[in-house]
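Please load the model in a viewer and keep the sequence panel open beside it. The tour proceeds by selection, and each stop states what to select and what is found there.

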Amino acid sequence: MANYTLRIFDSGDRNEIQVCYTELSKIQIGINQDDIGGESGNAALIYLDVSTAIKLSKELKRQIALAKEQIESETKSDF
């Protein structure tokens, strides 16, 4: 099976998230952050089984929806 990687950079190209499916049947998530505390290239890797990755995906969707609602309500109250 091929190993696919998704790389996401923030708007300043300083932080990066990598997500890939490994040959060990795990989802690998890598987070690289530059310039934290004056250091460059801080990184963290986690490995999730597929069922845990699905739970994480669902929770991320819920949290994003809540954040969008909060932003929309703050924007409406500004007018």
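**First selection: E16 and Q18**

The model is a predicted one. Begin by selecting E16 and Q18, whose side chains are joined by a polar contact of 2.9 Å. E16 belongs to strand 2, which covers residues 15–21. Is E16 buried or exposed? With a relative accessibility of 10%, E16 counts as buried, because the limit for that class is under 20%.

Expand the selection to the surroundings of E16. Leaving aside residues up to four places away in sequence, E16 touches R7, I8, F9, G30, I31 and N32. One of these, F9, is the bridge partner of E16 in the pairing of strand 1 with strand 2.

**The whole chain**

Now zoom out and colour by secondary structure. The chain holds one helix and four strands, and read from the N terminus the order of the elements is β-β-β-β-α. The chain has 79 residues, and buried residues make up 11% of them; E16 is one of the buried residues.

A contact map, if displayed, may be read alongside this view. Among the contacts in the chain with a separation of 6 or more, 6% are between residues 24 or more positions apart. The accessible surface of the chain comes to about 6500 Å², and carbon and sulfur atoms account for 56% of that surface.

**The strands, pair by pair**

Select strand 1, residues 5–9, together with strand 2. These two strands pair in the antiparallel sense over five bridges.

Next, add strand 3, residues 27–33. How many bridges pair strand 2 with strand 3? There are seven, again in the antiparallel sense. Two positions are convenient for inspecting this pairing: C20 has Q28 as its bridge partner in strand 3, and N15 stands opposite Q33 in strand 3.

Finally, add strand 4, residues 42–48. Strand 3 and strand 4 run antiparallel and are joined by seven bridges. For a closer look, select I27 and L48, the latter being the bridge partner of I27 in strand 4.

**The hairpin loop: S25 and L24**

Return to the hairpin of strand 2 and strand 3, where five residues lie between the strands. Select S25 and inspect its backbone torsions: S25 takes a positive phi near 60°.

Then select L24, which is found in the loop between strand 2 and strand 3. L24 is exposed, with a relative accessible area of 71%; this value places L24 in the exposed class because the threshold is over 50%. Where a distance label is wanted, draw one from L24 to Y47: the two C-alpha atoms are 9.8 Å apart in space, while the residues are 23 apart in sequence.

**A nonpolar patch**

Switch to a surface representation and select L6, I8, I17 and I31. These residues form a nonpolar patch on the surface, and together their accessible area is about 320 Å². I8 lies in strand 1 and is partly exposed, with a relative accessible area of 42%. I8 and I31 were also met at the first stop, among the residues that E16 touches.

**Helix 1: the salt bridge**

Hide the surface and select helix 1, residues 50–77. Side chains of opposite charge can pair when their charged atoms come close. How many salt bridges does a search of the whole structure find? The search finds one, between the side chains of R62 and E59, at 3.0 Å from N to O. Both residues lie in helix 1, three residues apart, about one turn of the helix.

Colour R62 and E59 by accessibility to complete this stop. R62 is partly exposed at a relative accessible area of 46%, and E59 is likewise partly exposed, at 31%.

**Last selection: T75**

Remain in helix 1 and select T75, which has its place there. A polar atom of the T75 side chain lies 2.8 Å from the backbone oxygen of I71, so both residues should be shown with backbone atoms visible if this distance is to be displayed. T75 is partly exposed, with a relative accessible area of 38%.

Definitions and conventions. Residues numbered from 1 in each chain as written. Predicted model: local features only at pLDDT ≥ 70, side-chain atom pairs only at ≥ 80, totals over all residues. Heavy atoms only, no water. Buried < 20%, exposed > 50% of the residue type's maximum accessible area, 1.4 Å probe, protein only. Polar contact = N/O pair within 3.5 Å; in protein donor to acceptor, adjacent residues only side chain to side chain. Contact = heavy atoms within 4.5 Å. Patch = residues over 30% accessible without salt bridge, like charges linked within 9 Å, V, L, I, M, F, W, Y side chains within 5 Å. Areas by Shrake-Rupley, 256 points an atom, 1.4 Å probe, with all protein chains shown as cover. Salt bridge = Lys/Arg side-chain N within 4 Å of Asp/Glu carboxyl O. Pairing = 2+ DSSP bridges.
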